[in-house]
Amino acid sequence: MNDQTWMRRAIALARANLGLTGDNPSVGCVIVKDGEVVGEAATAPGGRPHAEEQALDAAAGAAAGATAYVTLEPCGERTAGHASCGERLAAAEVARVVVACADPSAFASGRGLQRLRAAGIAVDLGLLRDEAASLYADYRPYGRSPPIR
């Protein structure tokens, strides 16, 4: 399987929870190591926990050295003071994060990717962006930056 296959799986996960996540976007995350899924999730109904949090919990220690496929940029800050998804991915020591769409939210908007890169994690942005962008057509985050494209 290849990057597109895994990202399409993440998109399918996110699509399944579309409209169920309150003000938060429905995000899909698939964590793959040695060609096998070790954790996957979508943003939970109501918007919490985030997809990355759940997928990392499912992967446990298997996330170290893995690749995470995420439909929307991981958050770089949290309003409640909890570790952001960017921080959690870095702490789990994933080797690479592949993101479909940048997040215009004031809590992400480059911050999530910056956290990952600062931790030495390889980041690829834009894989299947057009397919994933349809998930976020109605997403209107607080402090919105330019629209998702």
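**Exercise 1. In what order do the 5 strands of the open sheet run, and what is the pairing?**

Before you start: this is a predicted model, where local features need pLDDT of at least 70 and side-chain atom pairs count only at pLDDT 80 or more, while totals for chains, interfaces and linings use all residues. Numbering starts from 1 along each chain as its sequence is written, and side-chain values use heavy atoms, with hydrogens and water left out.

Step 1. Get the terms straight. Helices (H or I, at least four residues) and strands (E, at least two) are DSSP runs, numbered from the N terminus. Two strands pair if DSSP finds at least two bridges between them.

Step 2. Read off the order: 2-1-3-4-5, with mixed pairing. At the edges sit strand 2 (36–42) and strand 5 (122–125), each pairing on one side only. On average, neighbouring strands are turned by 15° against each other, direction ignored. Axes here are lines fitted to C-alpha atoms (for helices, over the stretch in contact), and angles run from 0 to 180 degrees between N-to-C directions.

Step 3. Zoom in on one pair. Strand 4 (residues 96–101) and strand 5 pair in the parallel sense over 4 bridges; Val97 has Val123 in strand 5 as its bridge partner.

**Exercise 2. Find what helix 1 and helix 4 pack against.**

Step 1. Contact means heavy atoms within 4.5 Å.

Step 2. Helix 1 (residues 3–16) packs on the sheet and touches strand 1 (28–33), strand 2, strand 3 (67–72) and strand 4; its direction makes about 145° with that of strand 1.

Step 3. Helix 4 (residues 111–118) lies across strand 4 and strand 5, at about 150° to strand 5.

**Exercise 3. Describe the largest pocket, then follow Pro25 out of its lining.**

Step 1. Work on a 1 Å grid over the protein atoms alone: a pocket is an open set of points where a 1.4 Å probe fits, with protein on both sides within 12 Å along at least five of seven lines, and lining residues have an atom within 4 Å of a point. Grid points are joined across faces, edges and corners, and the volume is the space filled by probe spheres set on the points.

Step 2. The largest pocket comes out at about 410 Å³. Of its 22 lining residues, Asn24, Pro25, His50, Ser105 and Tyr139 are the closest to its centre.

Step 3. Now take Pro25, in the loop between helix 1 and strand 1. Pro25 counts as buried because its relative accessible area is 12% (buried is under 20%, exposed over 50%, partly exposed in between, with a 1.4 Å probe and protein chains only). Leaving out residues up to four places away in sequence, Pro25 touches Thr43, Leu72, Tyr136 and Tyr139.

**Exercise 4. Track down the backbone oddities.**

Step 1. Know the usual pattern: most residues other than glycine have a negative phi, and most peptide bonds are trans.

Step 2. Check the peptide bonds. Arg48 and Pro49 are joined by a cis one, with omega about -5°; Pro49 is in the loop between strand 2 and helix 2.

Step 3. Check phi. Asp34 is not a glycine, yet has a positive phi of about 50°, and Leu128, also not a glycine, has one of about 60°.

Step 4. Place the two. Asp34 is in the loop between strand 1 and strand 2 and is exposed, because its relative accessibility is 74%. Leu128 is in the loop between strand 5 and helix 5 (129–133) and is buried, because its relative accessible area is 13%.
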